[in-house]
Amino acid sequence: MTIVAVLAIAACNHNTPQQEKSQIEIDKPALAQTPIETKTVSDALGKVEIPVQPQRVVVLEENIVLDSVLALGIKPVGVMYCRDCEEKFRGIPNELLADVPIVGSIGSQPSLEKILALKPDLILALTNRKNLHKLLSRIAPTVMIDFPTMYDFKKRLRYVAQVLGKSDRAEELLTHYQNRIQKLRQQLGKQLETKTISVIYLAGSADVFYSYRSDFLGYGQIITDAGLRLIQKTQKELQLTLSIEVLPEYDADFLFIMTDFLTKDFKQANPEFLSFLQKPIWSKLKAVQNKQVYNVNWNVGGTIGANKIIDDLFKYLVKTS
């Protein structure tokens, strides 16, 4: 009966016939045999009544929300992953999710049948899944998070913690983060005043690269917290697509190159995808001349990814202090 109900939902999308709606309503009580204490939270689409202490959480995402859920001590009963990325769960060690069922990949729709079979009491998703909100809500209370209005990873961690009833744990995680930032600042010393950092994204072409506003993505927030001088600090635009001719404007003492926009297939087909460093214009950069160019994948959903970036900053910057 359960499988039939899910297939009916998937087939009808937004226009679910009354008979199929009733089937879901019949199946839902089987997921919760005893009354549970609930609370009301606000999300990107309004207000949602959810369990005070969710026990079976499905996360329809693989980085931005998932990081915080794991850091707060909640192991999801179902997740999505990135099929084409170098990391299945960007910024998160695979071993943390080794035995967690996969309900889909982020480039496609999640499987409603698999989600229902997991009997979740809470579903967390980004607003890019809002077309499925009504269907997901028939399976379990669904909280939608809007990344463009919650791109600060610390603010997002606190919000997820509020939803999960883990606010105290969130403050512990952020205190640990701040302590590591302070230690980094101390060990960098005067280098904070004299050295610059630039972070660029490869676009799959040796003639184009991307640059992001410093506060939009997690790595920029971390570099700023550490008191380091990020070249992109003065950038007003959220994203810039730039020609290689303007690369000297993004010259810095340390150049970090992000390649997670490039799929695994592209990297396998183009094993020399970093060979653009041999171009004359790249060879003139001081970071290249001083061998301070590093290929990194700095994905920050929460404090797990943030601490990986702090590890890299210690590794690449402190050694040259």
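## Helix 7 and its neighbours

The buried residues of helix 7 pack against five other helices: helix 3 (66-71), helix 6 (153-164), helix 8 (191-194), helix 9 (218-225) and helix 13 (303-317). Keep in mind that this is a predicted model.

Which residues of helix 7 are buried? They are Ala-170, Leu-173, Leu-174, Tyr-177, Arg-180, Ile-181, Leu-184 and Leu-188. These residues cover an arc of only 120° around the axis, so they end up on the same side of helix 7. Turn to the face pointing away from that buried side and you'll find the exposed residues Asp-168 and Gln-186.

## Length and end of helix 7

Helix 7 takes in residues 167-188, 22 residues in all, and at 1.5 Å a residue that should span 32 Å. The C-alpha atoms at its ends are indeed 32 Å apart. Just past the helix comes Gly-189, with a positive phi of about 55°.

## Helix 13

One of the partners of helix 7's buried residues is helix 13, which is itself mostly covered, with 12 of its 15 residues buried. Among them are Ile-304, Ile-309, Leu-313, Phe-314 and Tyr-316. From first C-alpha to last, helix 13 reaches 20 Å, close to the expected 21 Å.

## The sheet

There's also an open sheet of 5 strands, paired in parallel in the order 5-4-3-6-7. Strand 5 (102-105) and strand 7 (142-145) sit at the edges with a single partner strand each, so one side of each has no neighbour in the sheet. From one strand to the next, the twist averages 20°.

Strand 4 (residues 78-81) pairs with strand 5 over 2 bridges, and Val-79 has Ile-102 in strand 5 as its bridge partner. Helix 6, another partner of helix 7's buried residues, lies across strand 3 (57-60), strand 6 (122-126) and strand 7, running at about 170° to strand 7.

How values were computed:
Residues numbered from 1 in each chain as written. Predicted model: local features only at pLDDT ≥ 70, side-chain atom pairs only at ≥ 80, totals over all residues. Heavy atoms only, no water. Helix = DSSP H or I, 4+ residues; strand = E, 2+ residues; numbered from the N terminus. Expected span 1.5 Å × (residues − 1). Buried < 20%, exposed > 50% of the residue type's maximum accessible area, 1.4 Å probe, protein only. Arc of directions from axis to C-beta. Contact = heavy atoms within 4.5 Å. Pairing = 2+ DSSP bridges. Axes fitted to C-alpha atoms, helices over the stretch in contact; angles between N-to-C directions.
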